Amino acid sequence: MDAQELKSKTPDQLQEQLVSLKKEAFNLRFQQATGQLENTARMRVVRRDVARVKTILNQKAADAAASN
């Protein structure tokens with residue numbers, strides 16, 4: 001997932017994406033704790049995607065506040 005793709009989404013879509021990524025991160029942490037995690041690199045990707053979504057949401061909120 002890249003930033004350009006995220007910038008084209010609405011804030012509601014971004015919130016949904018954030019919720020699903022956080023659920024996935026939780027499941028990955030649970031798998032790691034139980035020793036079932038096979039692809040450890042996925043944790044890093046999901047964590048960075050969460051940060052990317054949060055950044056875009058904050059940028060959109062700042063733009064909305066600046067325009068009012």
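1. Let's start with Asp 49, since this residue is a nice surprise to look up in the model. At 7% relative accessibility, Asp 49 counts as buried, because the cut-off for buried is under 20%. Its place is in helix H3. Setting aside neighbours within four places in sequence, Asp 49 is in contact with Met 1 and Leu 21. Please keep in mind while you look around that this is a predicted model.

2. How far can you trust the picture? The average pLDDT of the chain is 95, and 100% of the residues score at least 70. Among the elements, helix H1 (residues 3-7) has the lowest mean pLDDT, 92, while helix H2 (residues 11-33) has the highest, 97. As a general habit, where pLDDT is low, the predicted coordinates should not be read in detail.

3. Asp 49 also has a charged partner. Its side chain meets that of Arg 52 in a salt bridge, with 2.8 Å from N to O. Why are these two separated by about one helical turn? Arg 52 and Asp 49 are three residues apart in helix H3. The two ends of this pair are worth comparing: Arg 52 is partly exposed, with a relative accessible area of 31%, whereas Asp 49 is buried at 7%.

4. How many salt bridges are there in total? The count comes to two. The other pair to find is Arg 42 with Glu 24, whose side chains meet at 2.8 Å, N to O. Arg 42 lies in helix H3 and Glu 24 in helix H2, so this pair ties together parts that are 18 residues apart in sequence. Arg 42 is partly exposed at 29% relative accessibility, and Glu 24 is partly exposed too, with a relative accessible area of 24%.

5. Now follow helix H2 from end to end. H2 has 23 residues and reaches 33 Å from its first C-alpha to its last, close to the 33 Å expected at 1.5 Å a residue. After H2 comes Gly 35, which has a positive phi, near 80°.

6. Which residues of H2 are buried? They are Leu 14, Gln 17, Leu 18, Leu 21, Ala 25 and Leu 28. What do these buried residues pack against? Their packing partners are H1 and helix H3 (41-67).

7. Take a moment for Gln 17 in that list. Gln 17 lies in helix H2. With a relative accessible area of 19%, Gln 17 is buried, because the cut-off is under 20%. Apart from neighbours within four places in sequence, Gln 17 is in contact with Met 1, Lys 9 and Val 53.

8. Finally, turn to the nonpolar core. In soluble globular proteins, nonpolar side chains tend to be buried together. The largest nonpolar core here has 13 residues, of which Leu 14 and Val 53 touch the most other members. H2 and H3 are the elements that give two or more residues to this core. Which of the elements provides the largest share? H3 does, with six residues.

9. Val 53 makes a good last stop. Leaving out neighbours within four places in sequence, Val 53 is in contact with Met 1, Leu 6, Leu 14, Gln 17, Leu 18 and Leu 21. Several names from earlier points come back here: Leu 14, Gln 17, Leu 18 and Leu 21 are among the buried residues of H2. Met 1 is also in contact with Asp 49, which brings you back to the residue where this note began.

Methods: Residues numbered from 1 in each chain as written. Heavy atoms only, no water. pLDDT = per-residue confidence, 0-100. Helix = DSSP H or I, 4+ residues; strand = E, 2+ residues; numbered from the N terminus. Expected span 1.5 Å × (residues − 1). Buried < 20%, exposed > 50% of the residue type's maximum accessible area, 1.4 Å probe, protein only. Contact = heavy atoms within 4.5 Å. Salt bridge = Lys/Arg side-chain N within 4 Å of Asp/Glu carboxyl O. Core = buried A, V, L, I, M, F, W, Y, C linked by side-chain atoms within 4.5 Å.
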